[in-house]
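Here is a short walk through a model you have open in your viewer. Keep the selection panel handy, and we will go from stop to stop together.

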Amino acid sequence: MDVNIAPLRAWDDFFPGSDRFARPDFRDISKWNNRVVSNLLYYQTNYLVVAAMMISVKLKENHSPIVSEVSSVFMKSSGKSIT
């Protein structure tokens, strides 16, 4: 099975100006759904980069609750008691 990662698209194309935004026609659900899926597939690497940046910023802001939560999940799954 051959899996290819989509290329990183231009940021000017990913964050267009207000002139490129158009109100979708919510009455035509199939067309709106197709538009959303096409956008997600075309810009999937850009969305991944944005999500990774947001997660890294959140981790840098306050990582101790996240670390303690992850460690408690691992300890619960291994069967060790948490004190």
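**First stop: a pair of rings in H1**

Begin by selecting Trp11 and Phe14: they sit 3 residues apart in helix H1 (residues 11–14), so about one helical turn separates them. Please keep in mind throughout that this is a predicted model.

How exposed or buried are these two residues? Trp11 is partly exposed, because its relative accessibility is 34% and partly exposed covers the range between 20% and 50%. Phe14 comes out as buried, because its relative accessibility of 11% falls under the 20% cut-off.

Now show the side chains as sticks. A pair of aromatic rings is described by the distance of the centres and the angle of the planes. The structure holds 6 aromatic pairs. One of them is formed by Trp11 and Phe14, edge-to-face, at 5.5 Å centre to centre and with 80° between the planes.

**Second stop: the tyrosines**

Next, select Tyr42 and Tyr43. Their rings also make an edge-to-face pair, with 4.8 Å from centre to centre and 90° between the planes. Colour them by accessibility if your viewer allows it: Tyr42 is partly exposed at 39%, whereas Tyr43 is buried, with a relative accessible area of 7%.

Widen the selection to Trp11, Phe14, Phe15, Tyr42, Tyr43 and Tyr47, and you have a cluster linked by ring pairs. Then add Arg9 to the view. Which ring does Arg9 lie over? The answer is Tyr42: Arg9 lies over its face, 3.8 Å from the ring centre.

**Third stop: Thr45 and the segment before H1**

Move on to Thr45, in helix H3 (residues 44–61). Thr45 is buried, with a relative accessible area of 15%. Which backbone oxygen does the side chain of Thr45 reach? Draw a distance to the backbone oxygen of Ala6, and the viewer should give 2.5 Å. If you leave out neighbours within four places in sequence, the contacts of Thr45 are Ile5, Ala6, Pro7 and Leu8.

Take Pro7 from that list and select it. Pro7 belongs to the segment before H1, and at 46% relative accessibility it is partly exposed. Along the sequence, Pro7 and Thr45 are 38 residues apart, yet their C-alpha atoms are 6.5 Å apart in space. With neighbours within four places in sequence set aside, Pro7 is in contact with Thr45 and Asn46.

That brings us to Asn46, also placed in helix H3. Is Asn46 buried or exposed? Asn46 is buried, with a relative accessible area of 0%. Display what surrounds it: not counting residues up to four places away in sequence, Asn46 touches Pro7, Leu8, Arg9, Ala10, Trp11 and Phe14. Trp11 and Phe14 are the two residues of our opening ring pair, so this selection leads back to the helix H1 pair, about one helical turn apart.

**Fourth stop: Arg35 in H2**

Swing over to Arg35, which lies in helix H2. Arg35 counts as partly exposed, with 43% relative accessibility. What does Arg35 touch, once residues up to four places away in sequence are not counted? Select Ala22 and Pro24 to see its partners. For Pro24, 11 residues away along the chain, the C-alpha atoms are separated by 8.9 Å.

**Last stop: the whole chain**

Zoom out and switch to a cartoon view. The protein chain has 4 helices and 0 strands, and its elements run α-α-α-α from the N terminus on. Of the contacts between residues at least 6 apart in sequence, 62% join residues at least 24 apart; the Pro7 and Thr45 pair, 38 residues apart, gives you one to look at.

Turn on the surface next. The accessible surface comes to about 7,500 Å², and 62% of it belongs to carbon and sulfur atoms. Buried residues make up 7% of the 83 residues in the protein chain; among the residues on our route, Phe14, Tyr43, Thr45 and Asn46 are buried.

Finally, colour by pLDDT. The mean for the protein chain is 79, and 80% of its residues reach 70 or more. Which helix has the lowest mean pLDDT, and which the highest? Among the elements, helix H4 (residues 64–78) has the lowest mean, 69, and helix H2 (residues 29–42) the highest, 88.

Key:
Residues are numbered from 1 along each chain as its sequence is written. Side-chain values use heavy atoms; hydrogens and water are left out. Helices (H or I, at least four residues) and strands (E, at least two) are DSSP runs, numbered from the N terminus. Buried means under 20% relative accessible area, exposed over 50%, partly exposed in between (1.4 Å probe, protein chains only). Contact means heavy atoms within 4.5 Å. Accessible areas come from the Shrake-Rupley method with a 1.4 Å probe; for residues, only the protein chains shown count as cover. Rings of Phe, Tyr and Trp (its six-membered ring) pair if their centres lie within 6.5 Å; planes under 30 degrees apart count as stacked, over 60 as edge-to-face and the rest as tilted. A charge sits over a ring if NZ of Lys or CZ of Arg is within 6 Å of the ring centre and within 35 degrees of the ring normal. A polar contact is a pair of N or O atoms within 3.5 Å; within protein, one must be able to donate a hydrogen and the other to accept it, and residues adjacent in sequence count only if both atoms are side-chain atoms. pLDDT is the predictor's confidence in each residue, from 0 to 100.
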